[in-house]
Amino acid sequence: MDYTKLNGKKTYEYVFDYFSEKIMSGELQLNDKIPTERDIAEKLGVSRNSVREVMHMLEITGLIECMQGSGNYVRCDPVEYMLKSVNMVMALMKIDYSEIFHIRTGYEYAAVRLAIDTAAPEELEEMNQILKKMDEPMSSKESAKLDMEFHSKLVGASHNRMLILYNSMLADLMDQFIENFRTNILKNKMRAELLRRSHWGIYNALVAKDLDAAMKAFDKHFRIVEDQLDKFMQNS
């Protein structure tokens with residue numbers, strides 16, 4: 001890598017900033033063809049190798065697509081890269097379940113407020129089918145999977161792309177989170193029934209477009225989970 005300094009920056013940082021500014025300003029938009037490596041190198045006064053390295057990095061992150069014989073194009077598919085990055089950061093920072101739980105409560109409250117007005121009939125029907133399946137006898141692992149699916153459908157019904165992206169980024173950790181805690185919750189029949197009712201309460205409130213009822217159902221749901229979380233954290 002070329003570590004030549006340009007205005008106090010390393011070459012690759014200088015080239016990266018060039019792309020960032022072009023995208024942020026709107027000069028480069030989705031599906032636009034990017035100038036050749038030679039043109040960019042000449043424009044910035046850097047080596048083609050430096051440009052190539054940054055292009056490769058952007059391709060890995062899903063922000064550009066390099067098509068052999070055609071050129072390089074602006075794309076927007078960074079989710080997989082972001083998922084891996086977030087999960088690694090959480091592991092390194094030793095993020096615990098309580099922190100994941102608090103993030104989840106925050107964005108799901110926001111999601112349900114939006115979903116009250118934006119959930120489509122087919123989305124509500126999908127949630128209905130998931131809850132019916134959850135009422136059937138099954139293993140805790142299968143039930144946990146449907147639980148996650150229900151909450152993902154709920155967030156999707158908000159039609160807020162940032163909430164949906166955020167939910168996807170935490171999906172792997174949330175899968176483990178829900179499976180662990182739902183297993184413990186289901187050991188107690190009374191808690192299991194309260195959890196079942198709270199899910200149906202959320203759904204019915206969405207159908208009725210009753211925000212107050214939806215918030216109350218969410219409060220019940222998260223109190224059940226939080227109670228189990230507190231016990232888990234005390235014993236860990």
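## Cores, rings and a helix pair

In this predicted model, the largest nonpolar core has 31 residues, and Val112, Met127, Leu154, Ile202 and Leu206 touch the most other members. Five elements give two or more residues to this core: helix H5 (97–118), helix H6 (121–134), H7, helix H10 (189–208) and helix H11 (211–235). H11 gives the most, with eight residues. A second core, separate from this one, has 15 residues, including Tyr18, Leu28, Ile34 and Val54. Nonpolar side chains tend to be buried together in soluble globular proteins.

Two residues show their surroundings in detail. The contacts below leave aside neighbours within four places in sequence.

| Residue | Contacts beyond four places in sequence |
|---|---|
| Ile202 | Phe150, Leu154, Ala217, Phe218, His221 |
| Leu124 | Ala119, Tyr203, Leu206, Val207 |

Leu154 and Ile202 are both among the core residues that touch the most other members, and the two are in contact with each other. Leu206, also in that group, is touched by Leu124.

Leu124 sits in helix H6. Is Leu124 buried or exposed? Its relative accessible area is 13%, so Leu124 is buried, the cut-off being under 20%. Leu124 and Ala157 are 33 residues apart along the chain, and their C-alpha atoms are separated by 8.2 Å.

Next, the aromatic rings. The structure holds seven aromatic pairs. One of them joins Phe101 and Phe222, with ring centres 5.9 Å apart. The planes of these two rings stand at 80°, so the pair is edge-to-face. Which elements does the pair link? Phe101 lies in helix H5 and Phe222 in helix H11, 121 residues apart, so distant parts of the chain are linked. Phe101 and Phe222 are both buried. Ring pairs also extend the picture: they link Phe101, Tyr109, Phe218 and Phe222 into a cluster. Phe218 of that cluster is also a contact of Ile202.

Last, a helix pair. Helix H7 covers residues 140–156 and helix H8 residues 161–169. Their axes come within 9 Å. How do the two helices run relative to each other? The axes cross at roughly 155°, and angles over 145 count as roughly antiparallel, so H7 and H8 are roughly antiparallel to each other. On the H7 side, Ser152, Val155 and Gly156 make the contact; on the H8 side, Leu163, Ile164 and Asn167 do. The residues of this contact divide into three nonpolar and three polar, with no charged. H7 is also one of the elements that give two or more residues to the largest core.

Note on methods
Residues are numbered from 1 along each chain as its sequence is written. This is a predicted model: local features need pLDDT of at least 70, side-chain atom pairs count only at pLDDT 80 or more; totals for chains, interfaces and linings use all residues. Side-chain values use heavy atoms; hydrogens and water are left out. Axes are lines fitted to C-alpha atoms, for helices over the stretch in contact, and angles run from 0 to 180 degrees between N-to-C directions. Helices (H or I, at least four residues) and strands (E, at least two) are DSSP runs, numbered from the N terminus. Angles under 35 degrees count as roughly parallel, over 145 as roughly antiparallel, 65 to 115 as roughly perpendicular and the rest as oblique. Contact means heavy atoms within 4.5 Å. Ala, Val, Leu, Ile, Met, Phe, Trp, Tyr, Cys and Pro count as nonpolar, Asp, Glu, Lys and Arg as charged, and the others, Gly among them, as polar. A nonpolar core is a set of buried Ala, Val, Leu, Ile, Met, Phe, Trp, Tyr and Cys residues joined through side-chain atoms within 4.5 Å. Buried means under 20% relative accessible area, exposed over 50%, partly exposed in between (1.4 Å probe, protein chains only). Rings of Phe, Tyr and Trp (its six-membered ring) pair if their centres lie within 6.5 Å; planes under 30 degrees apart count as stacked, over 60 as edge-to-face and the rest as tilted.
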